[in-house]
Amino acid sequence: MTDPLDASPVRDVALDAPCPVCGAGGLRMRSMALDLPYFGDALQTTVLCLDCGFRHADVLLTREGAPTRHTFRVGDAKDLRARVVRSSSATVRVPEIRAVMEPGPRSEAFISNTEGVLHRFRDIFGFLARNANTGRRRHAAERSLDRLAAMIEGREPFTIVLEDPFGNSAILHEDAVAEPLSDKEVRRLKTGVFTLELRPSGPRARASP
Ligand SMILES: [Zn+2]
């Protein structure tokens, strides 16, 4: 039987790294090339362990690499369509509502738009509005949900900040501002449990303890 992936532009390679969950060798990486506006080539990747079923989806930008902050001011409904590439190592913030999404086991990479980022925060605040352990926190989450609703409808401007110590994340809009992160800023950021790097010799995987 042939693997259906053989017929598609998906590439499947073996990684020289043990599985971060079960330690088995022979991790596979399936990747698909993307052509992103303003950024050029990128890879959408899924790392798989055939032994235990571990999966890790990510995005790698081939052009970047240095620690970078992208900031974009969403001023109107049109800006809600600006694309956002968030690798698993990026921290995403919407400072107006003190919303932060940090790298972690449950925080996957995505390619979306600025509205899609708001939807993800809406899910998080919706959970908090129902489940936070004090009434004050539940009310604060409800207030954030009201403002998120206004932002999603294009009635309230907001800012999206994307900070990635591996430079694999970006906001794809001509008005987005990209700037290097200082060493001090990089040290403050979480990096996630499992990261991939593109090197001239090929992709490398690294699992943090
Ligand atoms: Zn495994």
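This is a short talk on one protein chain, its open sheet and one of its helices.

Okay, hi everyone. One thing up front: what you're looking at is a predicted model. The protein chain has 209 residues, and 31% of them count as buried. In terms of elements, we've got three helices and 14 strands. And if you take the contacts with a separation of 6 or more, 63% of them come from residues 24 or more positions apart.

Let's start with the sheet. Four strands make up an open sheet, in the order β1-β2-β3-β4, and the pairing is antiparallel. At the edges sit β1, residues 11-15, and β4, residues 55-61, and each of those pairs on one side only. From one strand to the next, the twist averages 30 degrees.

Now look at β2, residues 27-36, and β3, residues 40-48: these two are joined by nine bridges, in the antiparallel sense. If you want one spot to click on, try Leu 34, whose bridge partner in β3 is Ala 42.

Next up, helix α1, which covers residues 114-131. How far apart should its ends be? Well, with 18 residues at 1.5 Å a residue, α1 should span 26 Å, and its end C-alpha atoms are indeed 26 Å apart, so that agrees.

So which residues of α1 are buried? Those are Thr 114, Val 117, Leu 118, Phe 121 and Phe 125. They cover an arc of only 95 degrees around the axis, so they're on the same side of α1. Turn to the face of α1 pointing away from that buried side, and you'll find the exposed residues: His 119, Asp 123, Phe 127, Arg 130 and Asn 131.

That's it from me, thanks!

Definitions and conventions
Residues numbered from 1 in each chain as written. Predicted model: local features only at pLDDT ≥ 70, side-chain atom pairs only at ≥ 80, totals over all residues. Pairing = 2+ DSSP bridges. Axes fitted to C-alpha atoms, helices over the stretch in contact; angles between N-to-C directions. Expected span 1.5 Å × (residues − 1). Buried ≥ 20, exposed ≤ 12 C-beta atoms within 10 Å, placed from the backbone. Arc of directions from axis to C-beta. Contact = placed C-beta atoms within 7 Å.
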